[in-house]
Structures are given as C-alpha cells and as structure tokens.
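Hello,

Here is the structure I said I would pass on. My notes on it follow below.

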Amino acid sequence: MIRELQDDIELTLDEEHYEGGITVNTALIVKNATATDMGSYKCILENSVGATSSKENVNVSVLYKPVVEVISDPGTPVNEEERLNVSLSCTVLSGNPEILTAVRWYLDGDLLKELPDCTMNYTITSTLPEESSSICDIDPSKLLLEAVGRSFHGDYSCEGRNEAGWGPMSPSTSVTIYYKPGPATISYEPKQVVKGQRLTIACSVLDPGRPVINSFKWFRDLYRLTDQTNSLLDIESVDVKAAANFTCMASNDAGDGYPATTSVDVLVAPTFIRALENYQGFVYNSKNVSLVCWIECVPGCNISWYRNDQLIDFDISDRYYLSNSYMPLDYENNYFASIQSNLTWNLTTLANGRLDHIDDDAKFTCKSSDNGIGTPIESTTQFHVEFPPENITISKKIINVTVDTIPETVSCDAKAYPNATFRWFREGSNDTIINGQILDLNTPIPRRSNGTYYCEASNRHGKQNISLVVNVQFKPDCHIQRKRLEDQDYISCLAIGNPEEINFIWSVETDNETIEPDFKILDGISYVLLDTSITKFRTYVCIANNSIGQSTACELDITGDVPWWYRMDGNLRKRKLIKYSNENGNNNQANNMTETMADGATKTFYENLPFHGIQAPPNKAFSPGFSDLDYADVDYRSYGPINYKAASIALFQKQQAIQRQQQNQQEERRPQMYGVSDDNEELL
C-alpha cells in the first residue's frame with residue numbers, strides 16, 4: 001500500500017486532480033496544478049510486515065501569475081500647497097515567483113506607464129511625464145509621485161508580471177489631492193447704492209477646489225466680518241460703513257481661494273442732519289445770532305436761504321452774512337459728506353448793535369438744491385427777538401373807592417416776548433395778591449387797604465412793574481379835647497377823613513338851649529374859645545364832614561366853676577357816652593367817660609366822699625348789659641380812687657382784647673390786599 005504526503009499531510013487522491021500514486025502505478029501526477037499544490041512531497045510504502053518512508057522529499061514549486069494591490073504612502077489626502085511626494089507600491093498578494101519583473105500603472109483606468117521601460121526613459125514627476133530620466137533599472141513595483149498637485153488626483157491601479165506572466169489588474173486606490181478654491185468674483189445689487197436702502201453683495205467661485213467649499217470670508221476694507229460666512233452679504237440699510245472696499249474669498253480644508261474686491265460708492269439724497277427748529281428765539285442784546293442748517297448729500301448740494309419766502313441776496317443785503325462748511329464722512333455719527341450752512345446776523349449794521357423785535361421777527365427757510373438722487377428739502381423756523389417786559393401800562397394810576405365798597409377793576413399790560421405773566425402785590429410785601437393782568441377784588445375793602453399796589457410783568461428775560469394808588473375814602477372821625485392855646489382855653493376838634501377837605505359844625509348844648517359858637521381852623525384843627533365865665537354845665541359838640549359823609553358827633557362836657565355841693569344837688573348829670581364802633585373810628589372814650597343809666601334803673605351812682613363818712617362803694621363789675629358804655633368822670637379833679645369804675649374799665653379792656661384776637665384770626669383768612677390789622681385804624 002502507498003500513501004502520498006504533502007507537507008507531512010496525507011493526500012486524499014481523487015481522480016479529478018490526481019493520477020497514480022497506487023501500488024500498480026506508484027508515480028503521482030498532479031493535474032492542473034495550482035499554488036495549493038506547492039509543497040514538499042514524500043511517500044510511504046506499507047505491507048503486512050510494516051511501513052517504510054521515502055528517504056528524500058520532493059519539493060514541488062508551481063509558478064502562477066501575481067495578484068497585486070496598490071498601497072499609497074501617505075494614505076491620507078495631500079494638500080497641493082504642501083508640494084509633498086506620494087509613493088505608490090504595487091504589492092504582490094499572491095504569485096510565484098513573488099518578484100515582479102514588470103508593472104503596468106493605471107490612473108483612472110488609463111495606462112499611465114509600464115515599468116521598467118528600457119527603450120525610452122520617462123519619469124513620473126509633478127511636472128510633465130515627458131521629462132526624461134532613466135527608469136530601466138528601477139523597481140517597477142514602486143511609483144513615486146513627486147510634489148503632487150491637483151493633476152495627480154485619481155484612482156491608481158497596477159498589473160504585475162512574474163515568470164508565470166501578467167497577473168490581473170489590482171483594485172484601484174485613490175490618491176486624494178486637496179487644493180484651495182479658485183479665484184472669486186464679486187458683484188452687488190442694486191448698482192446704484194443709496195443710503196438707507198438694501199444692498200446685497202454676492203461672492204462666486206468657478207472652481208470650488210477640493211474638498212468642497214465650507215465657508216466664505218468677507219472683509220470691509222481691512223476689517224474681517226467674522227459673522228459673515230455665506231456667499232451673500234446682505235445689508236438691510238446702507239450706512240457709512242457700506243461706503244468701503246469689500247473683499248470675499250472661498251475657503252475649504254485646503255485653504256483660502258484667491259480673493260475678489262469691489263468698491264461700493266454710496267449715494268445720499270439730501271437729508272437733514274440738523275434742521276431748523278420750528279421756533280428760534282434770541283434775546284435782543286445777544287452778542288452772536290445765527291441759524292444753522294446742516295444737510296448731507298452725495299453728490300454734493302448747495303443751500304439757499306429765504307426770509308419770508310424771499311431769497312436772500314447776500315451781495316445786496318449787509319444785514320446777514322453766509323458761511324458754508326463742507327464736512328467729510330463721519331463714521332462715528334453715521335454722516336456722509338455734508339454741507340453746514342450758517343446764516344449770521346451782522347450786528348454791527350444794526351442800531352446799537354442789537355436785534356430789533358419788529359424788523360428781525362420773520363420766517364426763515366433753508367433749502368437744498370437737487371443732487372440727482374433725491375428731491376430738494378427745506379426747513380423753516382419762525383424767528384423771534386425775545387426781550388423782557390417793556391412799555392408797561394396801567395388803565396388807571398389812581399382809583400378812589402369808598403370804604404366798604406367794591407373797587408373798580410384795573411388792567412395792566414406790557415410788551416414782551418415771550419409773553420409776560422402778570423401778578424399784583426402791595427408795597428412793602430412781595431406776596432402775590434392776584435395773578436393776571438386784571439386786578440378785580442370783587443369784595444368790599446376796608447380802610448387799611450389804602451396804599452400803593454404794583455402790577456409786575458415778567459418773563460424769563462426780566463420783569464418790570466408799575467404802581468397803582470388805591471385811595472380808600474371815608475367820612476371823618478373826630479376827636480375832641482380841651483386845649484390851652486395862646487394863653488387861652490379852647491375846645492379843639494381834630495378830624496381825620498379822606499378826602500381831607502373837611503368842614504366842621506359846632507354846637508354848645510346847655511339845659512335849655514343849643515347855640516352855635518364861633519370857631520377857627522388852624523392846621524386842619526377846629527378851635528372854639530372856652531368861656532370860663534360860664535358856670536353852667538354844658539356840652540360841646542363837634543361834627544366833621546367831607547364829600548363822603550358826616551362823622552358821628554364828638555362831645556365834651558364842661559361843668560363850669562361851681563361848688564361841689566351844687567354838683568351833688570342834682571346838677572351833676574350822668575350822660576351817655578356814644579361809643580363808636582371800630583368802623584366809624586371814634587376814639588374819644590378816654591375824654592368822654594360818661595356813665596349812662598336808663599330811666600327808672602335801680603343802679604346807683606356812687607362817689608367817694610370821705611369827709612362825709614360815707615362808706616366806700618363796692619367794686620362792682622361792669623354789667624354785660626352795658627357793654628357799649630363807659631363811665632365818664634364827672635370831674636377832672638382828683639377825688640381819690642373810684643374802685644368800681646376801675647374794675648369796670650379793666651373788664652371792658654379784657655373784652656376788647658378778646659375781640660381783637662378774634663378779628664385778627666378772621667383777617668388772616670382775608671386777601672393780602674387788606675394788609676395787617678391796625679388797632680388804631682379808625683384813627684388813621
């Protein structure tokens with residue numbers, strides 16, 4: 001029995017692949033040998049006694065065509081800008097022998113070169129394949145791509161040849177060459193760029209490069225617009241920043257493509273940077289007076305000035321002069337090129353170097369020309385010369401008003417700009433009585449309202465006032481007393497009233513008759529000579545009158561020179577003192593202290609008569625029922641204290657103090673025109 005072994009592994013002999021190898025035919029024939037049939041063969045003979053192995057092995061080598069693959073080094077994409085070398089190897093995966101005697105190189109399926117090439121010398125470089133070099137003695141399995149560029153990009157494959165022949169073509173291996181995008185082109189719409197309108201700038205590239213474009217870079221002048229990465233740059237509203245050079249370029253992983261630049265010129269329709277205010281006022285004595293009109297416009301424009309819709313000709317008028325300033329583009333304030341026009345008053349030509357509030361009050365207009373982009377614009381102001389109140393007038397400088405009546409209204413007016421505000425106040429006080437031009441008290445006024453009042457007109461530039469005399473007229477109040485004049489005794493009557501032209505009426509009353517004595521007037525005081533030879537009790541009565549009315553009678557009792565017991569015998573009379581109200585101003589209490597008692601009254605008149613041994617009278621309080629009465633001293637000689645009279649007078653004075661306090665509280669609520677209350681007002 002025979003057993004065949006390949007590489008010490010017993011073969012299973014099948015007739016399709018093997019022939020022989022049996023006892024009757026010991027030779028082993030391998031049909032259609034393949035690479036798997038390569039190896040070390042031996043045989044073993046075996047009988048019933050035992051087995052014997054062949055002394056030598058037979059090595060069988062099967063030649064077959066090479067199977068190859070292409071390996072690229074580096075195996076990653078290569079940037080054209082780096083100018084690197086790429087090495088390609090046609091590596092044998094299987095074949096016998098493994099040494100390639102020739103290699104055919106293919107690019108994208110097209111034969112690139114067969115190596116070695118000993119008939120013509122070529123080199124595969126980064127330039128042209130026609131450049132010659134010896135490639136006959138090189139390893140054909142190696143292909144060096146030098147300083148690769150985008151033209152080397154593609155799928156490489158190879159075929160190898162050994163002693164068995166040319167093997168199959170290898171699968172393709174890609175060599176990726178990155179290169180940056182091609183030159184950009186830039187354009188924008190609309191072609192006429194106007195401030196405030198929309199602007200779109202487009203960047204396009206014909207050759208996107210490899211790999212694909214992943215972004216665009218934008219520059220405004222030298223400033224990188226980092227937030228802009230698209231092919232379109234959209235500006236919603238054109239401003240001064242748009243008047244620049246814009247640059248764009250496409251970018252990929254290989255780098256930035258070649259840029260493109262365009263210059264954007266922005267046009268501006270006439271637009272006010274500073275228009276005239278609706279109202280423009282200057283104080284009449286201002287040292288510098290001018291109006292300013294500031295307009296941006298590209299292309300440039302001119303500014304004309306009008307007064308009351310009439311064009312100002314500066315060659316004729318010397319009242320004004322014009323100065324124009326041309327301002328460059330202002331990035332900070334977003335102003336394009338502009339013109340600033342100043343209309344200035346030539347104060348040296350005006351009277352006193354001051355504005356005239358009649359001649360200079362006018363409407364002024366500044367108007368631009370047409371610059372082909374927009375229509376002309378204009379701005380108008382009403383110019384006024386401002387001045388403090390002047391020429392203040394009053395409807396009446398003096399008004400006569402009867403006490404406790406309503407005075408007539410008085411109006412006040414003044415010229416001023418801005419218009420004046422008015423108020424009224426009284427001399428000696430800055431407190432406002434009434435605001436407005438009209439002084440209308442609409443209430444009766446007392447005597448203390450007499451005085452000087454002022455109407456004040458004011459605005460923000462100053463104030464002026466004018467006086468008004470309020471002459472409160474009242475009937476006279478008289479005051480009668482005994483007076484020594486020129487070594488003679490007189491009864492004097494002093495009267496105060498308004499008007500001061502006062503007439504006097506005198507009478508002397510006795511028990512049985514009334515006479516009208518002669519009198520004289522000295523310095524406004526009326527005098528009646530006192531006849532001391534008369535011993536009768538008598539009363540001197542004085543009445544003063546003026547154009548307003550007649551005073552209440554002023555009385556003075558004269559007892560005459562009679563014994564005291566005669567006076568006690570009933571001739572001493574108790575007389576009623578007429579107590580005048582504060583309004584009538586009678587202030588004769590101190591000199592007319594008489595006591596009044598109603599007929600049939602039980603009140604007793606007490607007199608202190610110590611030498612009669614009569615008990616002193618009690619200290620009686622003044623009766624409230626006689627609040628309008630004072631006790632009159634019947635004799636001017638001193639008889640010692642009369643205690644009941646003193647107590648009554650004290651109570652009366654206390655009541656007066658309470659009344660005055662109440663009156664003051666009421667007057668605090670009165671208009672200030674009434675001034676401060678005066679206890680002696682009725683005597684003024």
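**Tyrosine 279 and the aromatic pairs**

Tyrosine 279 has a relative accessibility of 31%, so this residue counts as partly exposed. The partner ring belongs to tyrosine 417, which is also classed as partly exposed because its relative accessible area is 25%, between the limits of 20% and 50%. Please keep in mind that the model is predicted.

The two tyrosines make one of 10 aromatic pairs in the structure. Tyrosine 279 and tyrosine 417 are tilted against each other, with 35 degrees between the planes and 6.1 Å from centre to centre. The pair links distant parts of the chain: tyrosine 279 sits in strand 28 (residues 279-283) and tyrosine 417 in strand 37 (residues 410-417), 138 residues apart.

Another pair consists of tyrosine 320 and tryptophan 345, with an edge-to-face arrangement, 5.0 Å centre to centre and 85 degrees between the planes. Tyrosine 320 belongs to strand 32 (residues 320-327) and tryptophan 345 to strand 33 (residues 338-345), so this pair ties together parts 25 residues apart in sequence. Are these two residues, tyrosine 320 and tryptophan 345, buried or exposed? Tyrosine 320 is buried, because its relative accessible area of 6% is under 20%. Tryptophan 345 is buried as well, with a relative accessible area of 3%. Both residues are members of one aromatic cluster, made up of Phe282, Tyr320, Trp345, Phe364 and Phe383.

**The protein as a whole**

The protein has 684 residues, and 40% of them are buried. The chain forms 49 strands and 2 helices. Among contacts between residues at least 6 apart in sequence, 62% join residues at least 24 apart. The accessible surface comes to about 38400 Å², and carbon and sulfur atoms account for 48% of that area.

**The nonpolar cores**

The largest nonpolar core holds 26 residues, of which Leu199, Ile201, Trp218, Phe246 and Val264 touch the most other members. Two or more residues come from each of these elements:

- strand 18 (184-189) and strand 20 (199-205)
- strand 21 (215-220) and strand 23 (232-235)
- strand 24 (245-252) and strand 27 (266-274)

Strand 20 gives the largest share of this core, 4 residues. The core draws at least three residues from domain 3 (184-264) and at least three from domain 4 (268-387).

Which residues does isoleucine 201 touch, leaving aside those up to four places away in sequence? Isoleucine 201 is in contact with Ile186, Ser187, Tyr188, Trp218, Ser231, Leu232, Leu233, Phe246 and Val264. Trp218, Phe246 and Val264 in that list are also among the core residues that touch the most other members.

There is a second, separate core of 24 residues, including Phe282, Cys297, Leu347 and Ile377. Phe282 also appears in the aromatic cluster described above.

**A sheet of 4 strands**

One more item is an open sheet of 4 strands in the order 45-44-48-49, with antiparallel pairing. Strand 45 (514-515) and strand 49 (554-558) are the edge strands, and each pairs on one side only. Strands in a sheet are joined by backbone hydrogen bonds, in either a parallel or an antiparallel sense. Strand 48 (residues 538-545) and strand 49 pair in the antiparallel sense over 5 bridges. Arginine 538 stands opposite isoleucine 558 in strand 49.

Regards

Technical notes. Residues are numbered from 1 along each chain as its sequence is written. This is a predicted model: local features need pLDDT of at least 70, side-chain atom pairs count only at pLDDT 80 or more; totals for chains, interfaces and linings use all residues. Side-chain values use heavy atoms; hydrogens and water are left out. Two strands pair if DSSP finds at least two bridges between them. A nonpolar core is a set of buried Ala, Val, Leu, Ile, Met, Phe, Trp, Tyr and Cys residues joined through side-chain atoms within 4.5 Å. Buried means under 20% relative accessible area, exposed over 50%, partly exposed in between (1.4 Å probe, protein chains only). Domain bounds come from an automatic or database domain assignment. Contact means heavy atoms within 4.5 Å. Accessible areas come from the Shrake-Rupley method with a 1.4 Å probe; for residues, only the protein chains shown count as cover. Rings of Phe, Tyr and Trp (its six-membered ring) pair if their centres lie within 6.5 Å; planes under 30 degrees apart count as stacked, over 60 as edge-to-face and the rest as tilted.
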